[in-house]
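Colleague: Please take a close look at one part of this model, the packing around a single helix, and then set out how the neighbouring parts relate to it. Where do buried residues lie, and what do they touch?

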Amino acid sequence: MEATEIRRLVALEDTHWWYRERRAILRRELRRLRPGRALDIGAAGGGNTRVLVEDGWDATATDFSEVAVQVARERGLKCLLADARDLPVAPGSFDLVTAFDVLEHIDEDYLVTEQIAKALRPGGRALIAVPCDMALWSAHDEAVGHVRRYCRDSLTAVVEKGGLQVERLWSWNVLLRPLVARHRRRSTGSDLAETPALVNAALSAVVMLERHLPVTSLKGVTLYLRARKPS
């Protein structure tokens, strides 16, 4: 992700409906885990890392961008400048690794899942989020540096190739998929932009509604996956 995109993301993430609900998803997943050491790969400005810290985790952020690392440190977070394909961490030193919107940026995505497995202790968990379905490919993907979007089979394959066992795989942003697809067909660049307050509130309400509906097996805009390193 370019430096301008990172700065734009940081300016938006506290209020934007997309990032707020993603942090809520992370918080719900953290409830099933006992806090320990966490590694947040591709942390950008550290929005998800802050969630981990607030929930009692000893969290370290990593990013390939010097700008992202600088921003995370300015926010008081521990952050390493690192390539996700070669993480400078001790093997088996983390209880949790998160990688939200990372794999789709890297040609050798299997190297990242291998590094995630290597960083985890036996029994440790990984939480991964990726954009789904090449049918949604658009100028937005190109603008933010994506090399692919995933289906359930391709995401499962790369996670298992890395040495992890998939525990759960689900879709998110299902209800808004038709709207997103229509918007992306017309897009000419990144979707990262401030949303008018009323629109932001309406979109927030829709994605929050998904928490209570049985739609996670349907096609959405994002795939989430929880995996475990074998003991």
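Modeller: Helices (H or I, at least four residues) and strands (E, at least two) are DSSP runs, numbered from the N terminus. The model is predicted: local features require pLDDT of at least 70 and side-chain atom pairs count only at pLDDT 80 or more, whereas totals for chains, interfaces and linings use all residues. Residues are numbered from 1 along each chain as its sequence is written, and side-chain values use heavy atoms, with hydrogens and water left out.

I take helix α3, residues 47–54, as the centre of the description. Its buried residues (under 20% relative accessible area with a 1.4 Å probe, protein chains only; exposed is over 50%, partly exposed in between) are Gly47, Asn48, Thr49, Val51 and Leu52. The cover over these residues includes α2, β1 (37–41), β2 (58–63) and β4. Just after α3, Gly56 adopts a positive phi of about 95°.

Of this cover, α2 (residues 17–30) may be taken up first. The axes of α2 and α3 are 10 Å apart and form an angle of about 35°; axes are lines fitted to C-alpha atoms over the stretch in contact, and angles run from 0 to 180 degrees between N-to-C directions. From α2, Arg23, Leu26, Arg27 and Leu30 take part in the contact (heavy atoms within 4.5 Å), and they meet Gly47, Asn48, Val51, Leu52 and Glu54 of α3. Four of these α3 residues, Gly47, Asn48, Val51 and Leu52, are also among its buried ones.

Another residue of α2 is Glu29, which counts as buried because its relative accessibility is 5%. Beyond its neighbours within four places in sequence, Glu29 is in contact with Leu127, Arg168, Trp170 and Arg226.

Strand β4 (residues 94–100) contains Thr98, whose relative accessibility of 2% is why Thr98 counts as buried. With neighbours within four places in sequence set aside, Thr98 is in contact with Leu26, Leu39, Asp40, Ile41, Leu52 and Leu127. Two of these partners, Leu26 and Leu52, also belong to the contact between α2 and α3, and Leu127 is likewise a partner of Glu29. Thr98 and Leu39 are 59 residues apart in sequence, yet their C-alpha atoms are 6.3 Å apart in space.

Other helices can be described in similar terms. In helix α4 (residues 66–74), the buried residues are Ala68, Val69, Val71 and Ala72. The exposed residues Glu66 and Glu74 are carried on the face turned away from that buried side. Just after α4, Gly76 has a positive phi of about 85°. Helix α5 (residues 109–119) holds Gln115, which is buried at a relative accessible area of 13%. Gln115 touches Ala84, Arg85, Asp86 and Leu87, residues up to four places away in sequence not being counted.

Two loop residues complete the account. Most residues other than glycine have a negative phi. Asp133, in the loop between β5 (120–131) and α6 (139–143), has a positive phi near 75° and is buried, with a relative accessible area of 16%. Asn173, in the loop between β6 (165–172) and α8 (177–186), has a positive phi of about 65° without being a glycine. Asn173 counts as buried at 0% relative accessibility.
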